[in-house]
Amino acid sequence: ENDSTGQRMTITSSGSFTMALDSSSPSYTLTAAGRTGVTASVFRLTATNEAIRLTDFGLQLTNGDASSVPNASSSPQDVAKVTLWDGATKVGEAVFVGASYYASTTLSADFTIPKDGSKLLTAKMDVAAQGASQAGIPGSFVQVDIPAGTQGGSLATGQASGQRIRVDSLTTATASAGVRVLRSYPTLELVALSNTKLVAGRQDLFRFKMTAAPEGDVGVAKFTFRIATSSATNQLDMIDNVNMYIYSDSGFSSPATAEVGRNDGSLLQTSIDLSGVANSTGSGTSWASASTDIEVWAADNSNASTTIIIPAGATRYFAIKGDATTAGTQFSVSTQLQGDAKFASDLATGACCTTGGFPHTAATSTYMATTTYLREPGVTTPAVSYDFVWRPFSTTTAQSILANDYSTGYGIPGLPTTNTNTQILTQ
């Protein structure tokens, strides 16, 4: 006779499963309009007590609001369809119909979650094209998530119990990081300096390259960088007359003269004086300390504001140069490019918005709105506090401060939200 207590046994009519956003789901990213198979979200589904086969799956556009279409940051018209994937196998497809921000689909292939285990389900989307007569809204921000509560629409079948299981236990929808959809966008990559020894004369301080997505041209209006030295008191003796230059070749030997109209490819008509006094054109900021932002607003040969155009699929190469003076002591100079911590599409804000008898209502910061401008007519100094200003030519190809598709550097691949790595010259 054995009078010891045996194991506890629990009787249940069926298993259960939970759903959540997986840690492998992509962070905030940019994509070009018209692309297919863009990964939007990765979900983790976990089964308890029995293996569970997912049969129906519900989705929502998180940033959408059917009551304010198309003023939300995304709308059903921005997404042609969403496909669901088990690794490399497509298991379903969903379409957001009409003005609905919810969609549910019956899976077309087996997706079984193992007992007391988990499985990943990836959501990829085909985004709408943008431009004349196209459905997509320039700058739309799309988040594909699992809805909360009874709006979920996800169903499964227990493989041992045979019971149908409905998931409506999410109290809040998942919150994917989202994808910003633009007509085109640039990718930035640092290029190593060919010489890291600080010598007297005109010298490269920093190098990088930018490539436009194949879907369209991109234009850059503003760069911001910082310079630091190993001895701030000697800064003025070491580096001066700073400018940026654009090249069409990886050897930094062929200036892209057509971009700015100057044979040397310089972005500024007059180099920035770091002697502590603002330069004569008012462009940029004189150096004061290692935390000083030195701004470069691209200017044409008439010293009028312009954007540096990088053709679709092409690469342009950039160098920051300065006049170096050595002082017979060990010094180093480090340079970095600055990024932006948030997306914004309303770059002309505040008092500037009523200048010159040209008032307008401030645009939303959710997409390229029709009231967005870089600056107002008659305003010579841009009212922009962001470090990197560019445009995807979503609405017009005109080189105009009134074009309504300027934005910040947030999310550009290769450009951090704070700053890039430094490039250093040592005497």
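1. Ser291 sits in the loop between α2 (257–260) and β19 (294–297); helices (H or I, at least four residues) and strands (E, at least two) are DSSP runs, numbered from the N terminus. Its relative accessibility is 48%, so Ser291 counts as partly exposed (buried is under 20% relative accessible area, exposed over 50%, partly exposed in between; 1.4 Å probe, protein chains only). Across 63 residues of sequence, Ser291 comes to 7.8 Å from Ala228, C-alpha to C-alpha.

2. A word on the source, before you go further. This is a predicted model, in which local features need pLDDT of at least 70 and side-chain atom pairs count only at pLDDT 80 or more, while totals for chains, interfaces and linings use all residues. Residues are numbered from 1 along each chain as its sequence is written, and side-chain values use heavy atoms, with hydrogens and water left out.

3. Lys342 makes a good companion to Ser291. This lysine is placed in the loop between β22 (332–337) and β23 (389–391), and with a relative accessible area of 47% Lys342 is partly exposed. Lys342 and Thr408 are 66 residues apart in sequence, yet their C-alpha atoms are 7.4 Å apart in space.

4. On to the sheets. One open sheet has five strands in the order β1-β3-β9-β5-β6, and its pairing is antiparallel (two strands pair if DSSP finds at least two bridges between them). At its edges are β1 (16–21) and β6 (89–94), each pairing on one side only. On average, neighbouring strands here are turned by 30° against each other, direction ignored; axes are lines fitted to C-alpha atoms, for helices over the stretch in contact, and angles run from 0 to 180 degrees between N-to-C directions.

5. Both edges of that sheet can be followed residue by residue. Six bridges link β1 with strand β3 (residues 38–48) in the antiparallel sense, and Met19 faces Leu45 of β3. At the other edge, strand β5 (residues 79–86) runs antiparallel to β6, joined by five bridges. Asp86 has Thr89 of β6 as its bridge partner. The hairpin of β5 and β6 has two residues between the strands, and Gly87 takes a positive phi near 65° there.

6. Another open sheet has three strands in the order β2-β14-β10, with mixed pairing. Its edges are β2 (29–32) and β10 (140–142), each with a single partner strand, so each has one side without a neighbour in the sheet. Here the neighbouring strands are turned by 35° against each other on average, direction ignored. The strands β2 and β14 run parallel and share four bridges, with Leu30 opposite Arg180 of β14.

7. What is the nearest side chain of opposite charge to Arg180? Arg180 belongs to strand β14 (residues 179–182), and this buried arginine has no salt bridge: Asp78 is the nearest such side chain, 9.4 Å away. (A salt bridge is a side-chain nitrogen of Lys or Arg within 4 Å of a carboxyl oxygen of Asp or Glu.) The Arg180 side chain does reach the backbone oxygen of Gly139 at 3.0 Å, and a 3.1 Å polar contact joins it to the side chain of Tyr28 (N or O atoms within 3.5 Å; within protein, one must be able to donate a hydrogen and the other to accept it, and residues adjacent in sequence count only if both atoms are side-chain atoms).

8. There are 10 aromatic pairs, counted when ring centres of Phe, Tyr and Trp (its six-membered ring) lie within 6.5 Å; planes under 30 degrees apart are stacked, over 60 edge-to-face, the rest tilted. Phe223 and Phe318 are a tilted pair because their planes stand at 55°, with ring centres 5.3 Å apart. Phe223 is in strand β17 (residues 218–229) and Phe318 in strand β21 (residues 315–324), so the pair ties together parts 95 residues apart in sequence. Phe223 is buried at 0% relative accessible area, and Phe318 is buried at 0% too. An edge-to-face pair is formed by Tyr247 and Phe252, 5.7 Å centre to centre with 65° between the planes. Phe223 and Phe318 also share one aromatic cluster with Phe206, Phe208 and Phe388.

9. Two backbone angles may catch your eye. Phe252 is not a glycine, yet has a positive phi of about 55°; this residue is in the loop between β18 (239–247) and α2 and is buried, at 9% relative accessible area. Asp116, not a glycine either, has a positive phi of about 55°. Asp116 lies in the loop between β8 (112–113) and β9 (118–127) and, at 53% relative accessibility, counts as exposed.

Terms used: Lys, Arg positive; Asp, Glu negative; His and termini not counted.
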